[in-house]
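Okay, thanks everyone for coming. I'd like to talk through some charged pairs today, and then zoom out to one chain. Have a look at the screen first.

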Amino acid sequence: MIIKRLATALLVMFFASFLSFSLLYLAPGNVAEAVLKEQLGFEPTEDEIVAFMTRYKLDKPFFIQYYIWLRLFVTGKLICPQTGESVTGEFLYRFPVTLSLAFSAVAFAACFGIPLGIVSAIRRNSIIDSICRVIASVGVSIPSFWLALLLILFFCVKLRILPVFGLGLKNLILPTIALGLHLFASITRVTRGSMLEVLSQHYILVSRAKGLPEKMVILRHGLRNAVIPVITLIGLQFGHLLGGTVIIESIFSLPGIGKFLMDSIFARDYIAVSAFVMFIAFLFVIVNLIVDVLYTILDPRVRVE
Amino acid sequence: MASTLEYYYPFLLDLASEFRSKIVSPSAVEPAWSTSGELVKYIGTGQFKLAEYVKDQYAVLERNDEYWGEKPKLEKVVWKAIPDAHALVMALKTGDVDIIGAPEHHSAVPYEEVPKLQADEDIEVSWQSYGRFQVIRFNCYVEPLDDVRVRKAINYAVDRGTMVKELFAGIAEPANLPMCSWFKYGPIIEGYEYNPEKAKVLLEEAGWIDSDGDGIREKDGKELEVELLIPQGEANADVVAVYLQSELKKVGIKLNIVSMESSAASEKRKKGDFMMYVHHSGCIPWAPQGILWQNHYTKAEGYYKHFHTDELDELIENVYTTRDDAKRDEYYQQVWKTLNDEAAQLPLYDIVKVVAYRDCVKGYNHAATMYKMDLTSVEIV
């Protein structure tokens, strides 16, 4: 069963990379020109372009190029035309940054969103509930880049309590908020809805009738069932999160894979982009696996299958 | 090109151009002395040594005490990578960085931020003109721009003075010549002044009349419509394009703005699939000769839809091969006259390099070229 899943995953990864390879290859624009123009600050001459393309074998026919790419990628020797260094190296250098950013955004969203959703559900239609719902609506509507700049303006320029850019624990605070706000709002709403549905179930009535303390009713019996859609949500939103890191990484100068991927696309660097797509697809496989495992822990009905 | 000429005057200028040639130590490549070897070490000869380099984050430079020339006052420079322009400005405001705009060749500090920075007591702003104009190139082989009267009319129709004052708070200077006049061999001719009446007369002469009263001229049933191609990220091009649109409408020309991602725009331009393209007139020392060669010399095979004639090709060849300085200047002036008379381009304004720094930074001087950063006399007090 696991083997079947892995095989499907591998197929998806390769198909995704082939698709991105072809699309970027066919797109107008030339990787040699884009990269050289960036490096020189000026338009390159035809000779320079030809030299660059020969060096990275970009002048060969399409399928030969793909075959070379495949061979080099699998053996770990693929070189990224943008930087002249190993593609795997570029990914591993930047991946920890994006991972910590995404992870802390999810943690922030969950740690604040789930309790807020629970409170909202318990105290339904009260003032607290209204406030929480407003926060959720606002959170979903604010664009992340605008929020990021606003946060910098307020916390860094006006209050001077946080640094603008760089890497470090303090540096992660603002990017986490900017990136995690959407997810936080979504989690709040989903938790609220899910909790309301669960709390109206018969087994909740039974556990109250049994004489269990309210806290246990809510957390052990209510939340455990209500949190399943939230896990689904996080798994689904993971892709958005990765996409959102592009803007956040640019604004806060965090050297992550999001920004590098964007730069590669602008530079038409299909060699690096396809490799990154492979890695990211692999990430998705892992995330989906984790989500499935969490299901089996939380929901016994899934285990029997 | 150099191999077919006996004498190539810009040889030293090309060597001095930052981006055309870099001097590499033979032992920095593997295998040593091989021109197709791989760069394995950074060996430089400058005022600062590279002490630490963290990719995409920062570099630490230390003063090179063995430098042959004037040693800089600073002991250490930390060069941080900040990709976003707004974050850059905010980093200066908070004091996380001391100086911005110096390493990039232009437009690191957006013009619209300058008044706000000037208002800040702790920050000083300074700018320098390097004679690099933002210029719009015409595709002289497509209708209606194949008619020189239309190109001239466009040049007369734009009020560059007002544009610079309104859009850039007077920071940049208006430009109406194909190349900066204070360059050596620069044009000493009169450019196009703002004269919308003359523009209208020229368009009427060319047969473009507004027959249906909608404000746009027509000829043979076709509207006088031109398209401006902007590569995304080109400094200030968006605001300038909108201004141009309104100026051209006043004389009856419809301007369509097409903003495209820079690789795609570049490809269109190479194919000749454009009418007007936002470009620039080059930086010293590669201007004026290099730009002339790349844009108007047919055998350079760069941009074959820009203005080309056999006479112009011959003039450019003469420019490159004449030994006599005075004669070379004559040839240059003929080139400028041709380009100006044929209105092969629409010059807009002088792109100045803006640098902003905190007032603890003393002694900053603008470098000799746009690409360089001169920190020799800088000290922090």
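One bit of vocabulary before we start: a residue is called buried when its relative accessible area is under 20%, exposed when that is over 50%, and partly exposed in between. And please keep in mind that this is a predicted model.

With that cut-off in hand, take Glu261(B) and Arg268(A): both of them are buried. Their side chains form a salt bridge, with 2.7 Å from N to O. So where do Glu261(B) and Arg268(A) lie? Glu261(B) is in the loop between strand 12 (254-260) and helix 8 (262-271) of chain B, while Arg268(A) is in the loop between helix 11 (257-266) and helix 12 (270-298) of chain A, so this pair joins two chains.

Next pair. Asp56(B) and Arg94(A) also meet through their side chains in a salt bridge, at 2.4 Å, N to O. Asp56(B) is in the loop between strand 3 (48-54) and strand 4 (58-63) of chain B, and Arg94(A) is in helix 5 (residues 87-122) of chain A, so here again the pair joins two chains. Buried or exposed, what does Arg94(A) count as? Buried, because its relative accessibility is 2%. Asp56(B) has 39%, so that one counts as partly exposed.

Then there's a pair inside chain B: Asp65(B) and Arg63(B), a salt bridge at 3.2 Å, N to O. Asp65(B) counts as exposed because its relative accessibility is 51%, and Arg63(B), at 22%, counts as partly exposed.

Back to Asp56(B) and Arg94(A) for a second, since they belong to one network with Glu85(A), Glu90(A) and Lys55(B), joined by salt bridges that share partners. How many salt bridges are there over all chains? The count is 26.

Okay, zooming out to chain B. Its secondary structure is 11 helices and 16 strands. The C-alpha trace spans about 70 × 55 × 40 Å along the principal axes. A compact globule of 381 residues would have a radius of gyration near 21 Å, and chain B comes out at 23 Å, so the two agree. Of those 381 residues, 51% are buried.

As for contacts in chain B with a separation of 6 or more, 67% are between residues 24 or more positions apart. The accessible surface is about 18,100 Å², and carbon and sulfur atoms hold 50% of that.

Last thing, charge: chain B carries 42 positive and 63 negative side chains, with the centres of the two sets 2 Å apart. That's it from me.

Notes
Residues numbered from 1 in each chain as written. Chains lettered and ligands numbered in written order. Predicted model: local features only at pLDDT ≥ 70, side-chain atom pairs only at ≥ 80, totals over all residues. Heavy atoms only, no water. Salt bridge = Lys/Arg side-chain N within 4 Å of Asp/Glu carboxyl O. Helix = DSSP H or I, 4+ residues; strand = E, 2+ residues; numbered from the N terminus. Buried < 20%, exposed > 50% of the residue type's maximum accessible area, 1.4 Å probe, protein only. Rg over C-alpha atoms; globule rule 2.2 N^0.38 Å. Contact = heavy atoms within 4.5 Å. Areas by Shrake-Rupley, 256 points an atom, 1.4 Å probe, with all protein chains shown as cover. Lys, Arg positive; Asp, Glu negative; His and termini not counted. Charge placed at Lys NZ, Arg CZ, Asp CG, Glu CD.
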